[in-house]
Amino acid sequence: MTVVLSTLHTDLDKGDSAVKYTLSGDGAGSIFTIDQTTGDIHALRSLDREEKPYYTLRAQAVDINTNRPLEPESEFVIKVQDINDNEPKFLEGPYRASVPEMSPVGTYVTQVTATDADDPTYGNSARVVYSILHGQPYFSVDPKTGVIKTALPNMDREVKEQYQVLIQAKDMGGQLGGLAGTTTVNITLSDVNDNPPRFSKSFFHLRVPESSAVGSAVGRIKAHDLDIGRNAEVEYTIVPGDGGNMFDITTNEHTQEGIIILRRVRRSSSSYTRVLSYAGVKYCTELGEY
């Protein structure tokens with residue numbers, strides 16, 4: 001047993017009266033006991049400050065034969081002194097966050113928070129410092145606040161979209177011997193409209209029978225955009241010229257193809273050939289905004 005308080009002697013135990021000491025209050029008899037002869041108070045088991053930081057007890061000297069109080073009760077508080085026995089723990093995790101691609105260095109991504117159950121008023125047991133164990137050089141973390149920011153410029157979603165960052169929170173101010181906890185932050189680069197649509201080739205050669213009806217589809221072309229979502233949606237138009245009089249083009253929203261429509265028929269073979277040549281060069285624009 002550990003001696004917690006010594007001693008509670010009074011002037012009464014120096015006389016002829018037979019004195020014994022009694023104990024009451026928080027944990028009396030289960031956590032603490034008192035030596036009836038000496039008045040020393042002992043802990044019956046180990047104490048955990050995080051379970052209960054202090055105990056209020058009352059001791060009294062009584063006559064050993066009659067149990068009559070020989071003096072008023074003495075009240076005292078036993079405070080459990082903290083030791084560094086709790087590692088920092090993150091409130092959430094794993095975290096998920098996103099940041100636009102191509103963001104400048106220092107762009108805010110998210111914030112992580114860890115708490116330590118030790119006593120923040122005693123030493124550095126609860127003083128937490130954050131650091132990155134995995135995820136550099138792309139991201140950084142503020143050691144005091146846990147704010148995560150971009151640390152590398154021109155991160156391109158089309159090159160790498162997903163990043164996994166491992167954050168450590170260490171107590172004792174990050175010093176050697178401190179306890180640590182970790183969490184994972186999954187960061188996604190969100191798309192921005194930084195890629196133009198591109199055709200697989202510069203010219204598309206289409207053959208249109210003279211018997212084709214006005215308004216019929218005579219060909220399909222398609223451009224590809226490396227962006228995603230609305231930033232990858234395209235709209236097709238015909239470059240101004242003779243071909244615009246003979247042909248029209250519409251956009252299929254589902255397949256993202258340009259469908260070439262015959263507007264009118266010209267029977268002259270020379271003109272017909274020239275019109276097809278104009279119709280072979282197409283232009284498309286994105287619906288998304290830069």
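1. In this predicted model, R58 has a relative accessible area of 29% and therefore counts as partly exposed, as does E73, whose relative accessibility is 45%. The side chains of R58 and E73 form a salt bridge, in which the closest N and O atoms are 3.8 Å apart. Since R58 belongs to strand β5 while E73 is placed in the loop between β5 and β6, the bridge ties together parts of the chain that are 15 residues apart in sequence.

2. Which other acidic and basic side chains meet, and is D82 buried or exposed? A salt bridge joins D82 to R49, with an N to O distance of 3.2 Å. This pair links distant parts of the chain, 33 residues apart, for D82 sits in the loop between β6 (74–79) and β7 (89–90), whereas R49 sits in the loop between β4 (41–43) and β5 (54–63). Both partners, D82 and R49, are buried, in contrast to R58, which is partly exposed at 29%. The D82 and R49 bridge also belongs to a network of salt bridges that links R49, E50 and D82.

3. A further salt bridge is formed by E51 and R45, whose closest N and O atoms lie 3.7 Å apart. Here E51 has a relative accessible area of 55%, which is over the 50% limit, so this residue is classed as exposed. R45, at 41%, falls in the partly exposed class. In total, the structure has eight salt bridges, and as a general remark, side chains of opposite charge can pair when their charged atoms come close.

4. For the chain as a whole, the secondary structure amounts to two helices and 21 strands. The protein chain has 290 residues, of which 39% are buried. Of the contacts in the chain with a separation of 6 or more, 66% are between residues 24 or more positions apart. The accessible surface is about 16,800 Å², and carbon and sulfur atoms account for 49% of this area.

5. Where are the nonpolar residues gathered, and which of them have the most contacts inside the largest core? The largest nonpolar core consists of 21 residues, and the ones with the most contacts inside it are Y130, F139, I148, I167 and I187. Two or more residues of this core come from each of β8 (95–100), β11 (129–134), β12 (139–141), β14 (162–170) and β15 (180–190), with β14 providing the largest share, namely four residues. I167 can serve as an example from this core: apart from residues up to four places away in sequence, I167 touches, among others, F90, V112, Y130, I132, V141, I148 and V185. There is also a second, separate core of 16 residues, which includes L23, F32, I34 and I78. In general terms, nonpolar side chains tend to be buried together in soluble globular proteins.

6. Turning to the aromatic residues, the structure contains six aromatic pairs. One of them is formed by F139 and Y163, whose ring centres are 5.6 Å apart and whose planes meet at 80°, so that the arrangement is edge-to-face. The two residues, F139 in strand β12 and Y163 in strand β14, are 24 residues apart, and the pair thus links distant parts of the chain. Both F139 and Y163 are buried. In the pair of F199 and F204, the ring centres are 5.7 Å apart and the planes are at 70°, and so this pair too is edge-to-face. Of these two residues, F199 is partly exposed at 24% relative accessibility, whereas F204 is buried at 12%. Y138, F139 and Y163 together make up one aromatic cluster, and F139 also has its place among the residues with the most contacts inside the largest core.

7. A last point concerns S103, which lies in the loop between β8 and β9 (108–111). With a relative accessibility of 10%, under the 20% limit, S103 counts as buried. The side chain of S103 reaches the backbone oxygen of P100 at a distance of 2.5 Å. Beyond its neighbours within four places in sequence, S103 is in contact with L152, P153 and N154.

Terms used: Residues numbered from 1 in each chain as written. Heavy atoms only, no water. Salt bridge = Lys/Arg side-chain N within 4 Å of Asp/Glu carboxyl O. Buried < 20%, exposed > 50% of the residue type's maximum accessible area, 1.4 Å probe, protein only. Contact = heavy atoms within 4.5 Å. Areas by Shrake-Rupley, 256 points an atom, 1.4 Å probe, with all protein chains shown as cover. Core = buried A, V, L, I, M, F, W, Y, C linked by side-chain atoms within 4.5 Å. Polar contact = N/O pair within 3.5 Å; in protein donor to acceptor, adjacent residues only side chain to side chain. Phe/Tyr/Trp six-rings, centres within 6.5 Å; stacked < 30°, edge-to-face > 60°.
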